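This briefing covers a helix start, a buried polar residue and the nonpolar cores of one protein chain. Please keep the sequence and the model open while reading.

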Amino acid sequence: MPARVIILGAAGRDFHNFNTVFRGNAAYRVVAFTAQQIPHIENRRFPAELAGAGYPDGIPIHDEDRLEALIRELAADACVMSYSDVSHVDVMHLASRANASGADFQLLAARRTMLRAPCPVVAVTAARTGAGKSQTSRAIVRMLREAGRQVAVLRHPMPYGDLLKQRVQRFANADDLARYDTTIEEREEYEPHIATGSVVYAGVDYQAILHEAAKHADVIVWDGGNNDTSFLVADVYLCVVDPHRPGHELTYHPGETNLRLANVVLINKVDTADPAGVARVRANVQRVNPGAVVLEAASPPVPDDASVLQGKRVLAIEDGPTVTHGGMRYGAATIAAQAAGAQLVDPRPYAVGEIAATFAEYPDTGPLLPAMGYGDQQVHDLEATIARAAEHGVEAVAIGTPIDLSKLVRIPLPWTRVRYELEVRGTPTLRDVLAPVIDSR
C-alpha cells in the first residue's frame, strides 16, 4: 500500500514538492495539503488537472490548525514539512504534533526538488524573509543585462487564487498584474522587476514554467520567496543574510540550509545595522560555510521627498511579510522617517478588521503598519486604518513597500515612497561572483 502523506504548506513550496516528488509516484498517496502563514488559502482544492493520475477529485487543502484531527481522519502515515521562514523550535513543535498523532515527520532534501535548467542559473535566496533578496535580484539582473545576457526572472510561487489559472504565469507589464488579479504581496515582488524591463515567470508547475522561460533567456535568475531554498540547480547560489537579526541565519528553516548550500553569502544592510551584528553574522557564516565567498552590501532607504516627513507625525507602512512572520520590528519606511526627524505613530489604536487581527496574531510588531493585502477585505481594512490614523493626528505617510501603494489604496495625507537599491561595498564585487555566468556561453 502507498504511504499516505499530508503535505504541510503555505501555497508555494508544498505544491512544488508534490510536483517533483509525489505526483505520479506509486509509493505515495497525498491525502491532503495544509495551509499556514497566508490568510484565506485553506478550504480550496489542488485541482485534479494539476494533480494527475490517481487524483480524480484533486487534493483538499485544510487549515494546519486541524493537523492532529486530519492525521486521524485520513489515516496519514507521514507529514512532509513544505513551507519556509519558520524557527527551528516551531518546526520541531510541528514534528511533535505529527509524531504524537501517529505520523512520521519528514523534510525533503533541497537538492531532491531542484530542477535543472538548460542555461546558467543564479539563485537568490536568504536566511530570513526581508533580508533583501529583491534588490539583490534586481542588481544581478541589471549586471547580467549590461554584460549582454538575455535574462528571465523566475519568482518563487505565490498562487493564492485559482490554481489552475495560475499553473504558468508570465508578468511583463501592468496589464498582466491586473489580468492575474494579483495581491499586494504579489505586486511587491513582480512590479519592481517589471519596472526595470524584466519579464517574471511564476505559478504552480515549475517544470512547465522553466520550459517557457528558457525559450526567451540564456540566463535565469531565481528570485526566492521567504527564506525558501531554490527550485533550480544553480551555478551561483547566493544567500542574503541580515545583520539586523543576527543569529537568525542559524535558527530558522530553511534559512540555515540556504546558508550551508551557498557558494556566495551577501551580508546586506551593513549601512544601517549595528557593527556588532555584522561581525556576529560574519562569524556564523565562517563557522558553518567557510568555503563561501562573502560580500558586504548596503541598502540605504532613500525617500523620494524627505521634506514630506520632516518634523511630522508619520505613519510608516512596511512590507507585510517582513514585519509579520519575518519578525522585523521596523523597515525602510521606519528608518527613513526617523532619519528625517519624524515622530512615528503607532497605528494599533486605529486598526480595523483584518489589520487589527494581524496585530493580534503578531503582537511584537513595531510601531508601523504592515501593508497586508492578500485579499479585497484586507486591502479595504488597510485603507480604513490609514483613514482613521489620518483623523487622529497623523500628518504624513512613509511607504516602504516596493510598489506604488497609492494606486491600490486611498492615502488622504501627504506621502512619499522610500526606495532602496543594493550597493555592494569593497571586494569581492558582484561582478566577481557572477563571472562564471557572465563569461559562460
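In this predicted model, a side-chain oxygen of Asp-205 lies within 3.3 Å of the backbone nitrogen of Gln-207, at the start of helix H8. Helix H8 spans residues 206–214. Asp-205 is also in contact with Asn-19, a residue of helix H1.

**Helix H8**
- The buried residues of H8 are Tyr-206, Ala-208, Ile-209, Leu-210 and Ala-213.
- These buried residues pack against helix H1 and against four strands: E9 (151–155), E10 (168–171), E11 (200–203) and E12 (219–223).

**Asn-19**
- Asn-19 belongs to helix H1, which covers residues 13–22.
- Asn-19 counts as buried because its relative accessible area is 12%, and the cut-off for buried is under 20%.
- The side chain of Asn-19 makes a polar contact of 3.3 Å with the side chain of Arg-23.
- Beyond four places in sequence, Asn-19 contacts Phe-46, Leu-50, Val-204 and Asp-205.

**Nonpolar cores**
- The largest nonpolar core has 135 residues, and Phe-18, Phe-46 and Leu-154 touch the most other members.
- Strand E13 (residues 236–241) contributes the most to this core, with 6 residues.
- Leu-154 touches several residues more than four places away in sequence, among them Tyr-206, Ile-209, Leu-210 and Ala-213; these four are buried residues of H8.
- Other contacts of Leu-154 include Tyr-201, Ile-220, Val-221, Trp-222, Asp-223 and Leu-232.
- A second core, separate from the largest, has 15 residues, including Ala-316, Ala-337, Ala-396 and Tyr-420.

Note on methods:
Residues are numbered from 1 along each chain as its sequence is written. This is a predicted model: local features need pLDDT of at least 70, side-chain atom pairs count only at pLDDT 80 or more; totals for chains, interfaces and linings use all residues. Side-chain values use heavy atoms; hydrogens and water are left out. Helices (H or I, at least four residues) and strands (E, at least two) are DSSP runs, numbered from the N terminus. Buried means under 20% relative accessible area, exposed over 50%, partly exposed in between (1.4 Å probe, protein chains only). A polar contact is a pair of N or O atoms within 3.5 Å; within protein, one must be able to donate a hydrogen and the other to accept it, and residues adjacent in sequence count only if both atoms are side-chain atoms. Contact means heavy atoms within 4.5 Å. A nonpolar core is a set of buried Ala, Val, Leu, Ile, Met, Phe, Trp, Tyr and Cys residues joined through side-chain atoms within 4.5 Å.
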